[in-house]
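Hello,

Here is the structure I promised to pass on. Please open it alongside this email, and my notes on what turned up follow below.

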Amino acid sequence: MPSKSTTEETLSIGIQLRDLVVEYAPGKPVLQNLTQDIFSGEIVACVGASGCGKSTLLRAIAKLIPLRSGSIVLHPNSLTRPPNNIAYVFQDATLLPWRTVAENVKLPFELGRAASRKVKATSASDQHMEIKSVLETVGLSADDAGKFPRELSGGMRMRVSLARAIVTSPSILLLDEPFAALDDLLRSKMNDLVLQLQQSGQQTVLFVTHNIAEAVFLSHRVFVLGDGKICRTLNNPLAFPRSPEIRSSLEFAEFYGRISHALAEVSP
Ligand SMILES: Nc1ncnc2c1ncn2[C@@H]1O[C@H](COP(=O)(O)OP(=O)(O)OP(=O)(O)O)[C@@H](O)[C@H]1O
C-alpha cells in the first residue's frame, strides 16, 4: 500500500467515489453505481475491455463530464489539500502548436492552478525555475525548452505533456493511456519516470492502460472494470521501490497472470 508505515485504517482517502452513474445518452449508463475509495499516495491501474468506461471514469473525476448521480469527493478527510488539485494526461500530448515547450508547460500557471499544494511559484522568475526544474525531471534539456512541438519526437511531446501535468505538483494525477503510442523502450522509461515522480511527490495516481505489464509494474492496486463497475480489485504483491529487473521475476509473472484471468472473466 502507499505509505511506508501505515495500516489500512489510517490511510487517508485521495478520491472517494460513491454510486457514480454516468451516461452519454439517457437511460444508457456507461458507469453504474460505481463505488470505490482510492487512497492518498496510491497508484491504481484501471484495466478493462475496450469501451467499458475507463476513460469515462477519469473524465468524471476530472469533472470533464457531468454525473447523472452519485458523488466524487477528493481528499474527503483532509483539511489542508485544495479540492480541485488534479492534473490529467491524455493519450495524445495535446500541446499547443504555436507555443514553445516552456510556454506549454507554463499553461497551468496561467490557468490558475498555481495555488496547488506545493508550488510556491508566484513570481514570473519562480515560475521559470519551476518549469526548468520540471523539464529536467522529465529528461528534457534547456535547449528543448525553446522548441516548438513540431520540432519534437513523439516521446519528447509526451514528456512535455507530463511536465505540464506535474508542474504545479497536483495531488491527483489522472493518466489516460499516456504511453500507448510509444515504443517499448520509451514506454518503460516513462514508467520508471512515473514511479520516480510518485515516490518523490506522493501523488495519488489513477491510470488507464491496456498494457498488463505496465499495470503490474506501476500499481499498488489494479481495478478491473466491466459492466459499468469495478468488478475486481487486485492488490499488487510487488514491493516498492521497483527496479526494472522486477519485470523478469516470478512474482511479476504471477500477478500478470491474475490480472489476465480477471480480465477474461469480466470481459464480454
Ligand atoms: N463523448 C461521448 N459521447 C457518446 N458516447 C461516448 C462518448 N465517449 C465515450 N462514449 C461511449 O461510452 C462508452 C465508454 O467509453 P470509454 O471511452 O470510457 O471506454 P474505454 O474503456 O476508455 O475504451 P478504450 O479502452 O477503447 O479507450 C463507449 O461505449 C463509448 O462509445
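Strand 3 (residues 43-48) and strand 8 run parallel and are joined by 5 bridges. If you want a place to look along that pairing, G48 stands opposite L225 in strand 8. Before you go further, please keep in mind that this is a predicted model.

Strand 8 (residues 221-226) also pairs with strand 9, this time antiparallel, through 6 bridges. Two of the facing pairs are easy to find: F223 is opposite T233 in strand 9, and V224 is opposite R232 in strand 9. The hairpin made by strand 8 and strand 9 has 2 residues between the strands, and D227 in this hairpin takes a positive phi near 55°. As a general reminder, the strands of a sheet pair through backbone hydrogen bonds, either parallel or antiparallel.

These pairings belong to an open sheet of 6 strands in the order 5-6-7-3-8-9, with mixed pairing. Its edges are strand 5 (86-89) and strand 9, each of which pairs on one side only. From one strand to the next, the twist averages 20°. Helix 5 (residues 154-166) lies across strand 5 and strand 6 (172-176), and the angle between helix 5 and strand 5 is about 170°.

For the wider view, the protein chain has 8 helices and 9 strands. Of its 268 residues, 39% are buried. Among contacts in the protein chain with a separation of 6 or more, 74% are between residues 24 or more positions apart.

Now to the ligand. Which residues are around it? They are Y24, V30, G48, S50, G51, C52, G53, K54, S55 and T56. You will recognise G48 from this list, as it is the residue that stands opposite L225 in strand 8. By type, the shell around the ligand divides into 3 nonpolar residues, 6 polar and 1 charged. Helix 1 (residues 54-61) gives the most to this shell, with 3 residues.

Helix 1 deserves a moment of its own. Is it mostly covered or mostly uncovered? Mostly covered: 6 of its 8 residues are buried, namely K54, T56, L57, L58, A60 and I61. K54 and T56 are among the buried residues of helix 1 and are also among the residues around the ligand. In general, an α-helix has 3.6 residues a turn, so residues three or four places apart point the same way. Just after helix 1, K63 takes a positive phi of about 65°.

Some backbone details elsewhere may catch your eye too. N33 has a positive phi of about 50° although it is not a glycine. N33 lies in strand 2 (residues 28-39) and is partly exposed, because 13 other C-beta atoms lie within 10 Å, between the limits of 12 for exposed and 20 for buried. H75, also not a glycine, has a positive phi of about 45°. H75 is in the loop between strand 4 (69-74) and strand 5. Why does H75 count as buried? It has 21 other C-beta atoms within 10 Å, and 20 or more is enough for that label.

The loop between strand 9 and helix 8 holds P241, which a cis peptide bond joins to F240, with omega of about -10°. I246 is found in the loop between strand 9 (229-235) and helix 8 (250-266) as well. With 15 other C-beta atoms within 10 Å, I246 is partly exposed. Leaving aside neighbours within four places in sequence, I246 is in contact with L238 and F252. I246 and V216 are 30 residues apart in sequence, and their C-alpha atoms are 10.0 Å apart in space.

Finally, a word on confidence. The mean pLDDT of the protein chain is 86, and 90% of its residues reach 70 or more. For the complex, the predictor gives an ipTM of 0.98 and a pTM of 0.89. Two stretches call for care: pLDDT stays under 50 over residues 3-9, for which the model has 4 contacts beyond four places in sequence, and also over residues 114-121, for which the model has 25 such contacts. Where pLDDT is low, the predicted coordinates should not be read in detail.

Happy exploring, and best wishes!

How values were computed: Residues are numbered from 1 along each chain as its sequence is written. This is a predicted model: local features need pLDDT of at least 70, side-chain atom pairs count only at pLDDT 80 or more; totals for chains, interfaces and linings use all residues. A residue is near a molecule or strand if its C-beta atom, placed from the backbone, lies within 6 Å of it. Helices (H or I, at least four residues) and strands (E, at least two) are DSSP runs, numbered from the N terminus. Ala, Val, Leu, Ile, Met, Phe, Trp, Tyr, Cys and Pro count as nonpolar, Asp, Glu, Lys and Arg as charged, and the others, Gly among them, as polar. Two residues are in contact if their C-beta atoms, placed from the backbone, lie within 7 Å. pLDDT is the predictor's confidence in each residue, from 0 to 100. Two strands pair if DSSP finds at least two bridges between them. Axes are lines fitted to C-alpha atoms, for helices over the stretch in contact, and angles run from 0 to 180 degrees between N-to-C directions.
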